[in-house]
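Hi,

Here is the structure I promised to pass on. Have a look at it first, and then read my notes below.

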Amino acid sequence: MRWMIYGANGYTGELVARQAVRDGMRPVLAGRNGRSIHRLGDELGCETSIFALSREAAIEALHDVDLVLHCAGPFTDTSQVMIEACLETGTHYLDITGEIDVFEYVHSKQRAAQAKESGIILCSGVGFDVIPTDCVARKLKELLPDATSLALGFSAAGGISPGTMKTAVRGLGSSSMERVNGKLSPFPIGAKRRTIDFGRGSRTAIAIPWGDVSTAYYTTDIPNITTWVPVPTATAYVARTLSWFSPILGKDAVQKRLLRYVDENVSGPDEAEREKSSTYVWGEATNAEGRKIVVRIQTASTYAFTVYGALAVVKRLLGPGRMLAGSFTPAMLFGSQFLEEIQGSSSFVVDEIRP
């Protein structure tokens, strides 16, 4: 089967492309920057495809491609056109987003029906966003089927890529997000705090708008979901103060300056940083009687995991066997144990807390 990495010249896309070739795969390397894509294609011995993300150009480029791994963010801006092209050409669609709006678009009833009709799989979030937390969510659902609330989080080290930083900048003018009684509900960033042991001691954590607020609902059907990261206590208060300036930080002029700063100053963690760090993933499910199950697991660093996780999904979809068509999360496709099978992951550690 023929498959493509779109955005192969970006920070994460290039990491995925290089690992794919090391694994004996030969993806088509694609993007709109011809010079960068051709350079990488020549170096890795891969076919190249140059096109901007318009519907017509994407349809033409994908007409003989079985699967595309979309790595060109911010995905709120780029994913819809690629998904529409995949639906038209019968191409499986994967991406590495963590953006709630994209997940909601992919899992809408209309998109799921279109995917079934086209005979393809739509699966967003096949990197660190959101494979680890999605598999933890499914594991918790298996252990506590009557759970009514779910909290997920992670403690990560290492740097940040330009694409991820740009997504964070775009979010400065918006609210945090949780799911309450099945509905997405915004609240001020920094407004919710708690103490969590992610796997290396208790830390102050704040609730953030992580992708599982969307995806974990489709994976587990648990109606109340929050997502958390650890921060220094002082940072928690700063985040709350920062939310007061959201209207200013969301203005076009301010956004342009911040995004320009990212282009000029952010390069992403190097190989040594990616290899030496690891990530601790945590989840907690609670039922109506107050019974709690906590699951923890350690994974590779965020960007290393994205490479390993995305390629693990690609290999499964390109391998033998037929899968159902439609819109899926990673854990819906492959189960909770999928996380334990990805390079750099440990095994689940489970604790139970009874009321």
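**Helix 7 and what surrounds it**

Let me start with helix 7: its 13 residues reach 18 Å from the first C-alpha to the last, close to the 18 Å expected at 1.5 Å a residue. The buried residues of this helix are I131, P132, T133, D134, C135, V136, A137 and L140. Please keep in mind that this is a predicted model.

Just ahead of the helix there's something unusual. The peptide bond from D129 to V130 is cis, with omega near 5°. V130 belongs to the loop between strand 6 (121–123) and helix 7 (131–143), and D129 is in that loop too. Is D129 buried or exposed? D129 has a relative accessible area of 18%, and buried means under 20%, so D129 counts as buried. Apart from neighbours within four places in sequence, D129 touches I96, T97, G98 and W210.

There's another cis bond, between G73 and P74, with omega at about -5°. P74 sits in the loop between strand 4 (67–70) and helix 4 (75–89). I point these out because most peptide bonds are trans.

**The chain as a whole**

Stepping back, the chain has 355 residues, and 53% of them count as buried. You'll find 16 helices and 16 strands in it. Of the contacts with a separation of 6 or more, 73% are between residues 24 or more positions apart. About 15600 Å² of the chain is exposed, and carbon and sulfur atoms supply 50% of that.

**Aromatic rings**

How many aromatic pairs does the structure hold? There are nine. Take Y11 and Y303: their ring centres are 5.3 Å apart and their planes meet at 85°, so this pair is edge-to-face. It links distant parts of the chain, as Y11 is in helix 1 (residues 11–22) and Y303 in helix 14 (residues 302–318), 292 residues apart. Both Y11 and Y303 are buried.

F128 and F154 make another pair, with centres 5.2 Å apart and planes at 80°, so that one is edge-to-face as well. F128 is in the loop between strand 6 and helix 7, while F154 is in strand 7 (residues 147–156), 26 residues away along the chain. F128 counts as buried at 4% relative accessibility, and F154 counts as buried at 10%. These two also belong to an aromatic cluster, formed by F128, F154, W210 and F305. You've met W210 already, as one of the contacts of D129.

Two rings have a charge over them. The charged end of R179 sits over the ring of Y218, 5.8 Å from its centre. For K192, the charged end sits over the ring of F187, 5.1 Å from the ring centre.

**Two positive phi values**

Last, some backbone angles. Most residues other than glycine have a negative phi, which is why I noted the next two. N181 has a phi near 50° and lies in the loop between strand 8 (176–180) and strand 9 (183–187). D221 has a phi of about 65° and is found in the loop between helix 9 (212–220) and strand 12 (224–230). Are these residues buried or exposed? N181 is exposed, with a relative accessible area of 61%, and D221 is exposed too, at 55%.

Cheers

Notes. Residues numbered from 1 in each chain as written. Predicted model: local features only at pLDDT ≥ 70, side-chain atom pairs only at ≥ 80, totals over all residues. Heavy atoms only, no water. Helix = DSSP H or I, 4+ residues; strand = E, 2+ residues; numbered from the N terminus. Buried < 20%, exposed > 50% of the residue type's maximum accessible area, 1.4 Å probe, protein only. Contact = heavy atoms within 4.5 Å. Areas by Shrake-Rupley, 256 points an atom, 1.4 Å probe, with all protein chains shown as cover. Expected span 1.5 Å × (residues − 1). Phe/Tyr/Trp six-rings, centres within 6.5 Å; stacked < 30°, edge-to-face > 60°. Lys NZ or Arg CZ within 6 Å of the ring centre and 35° of its normal.
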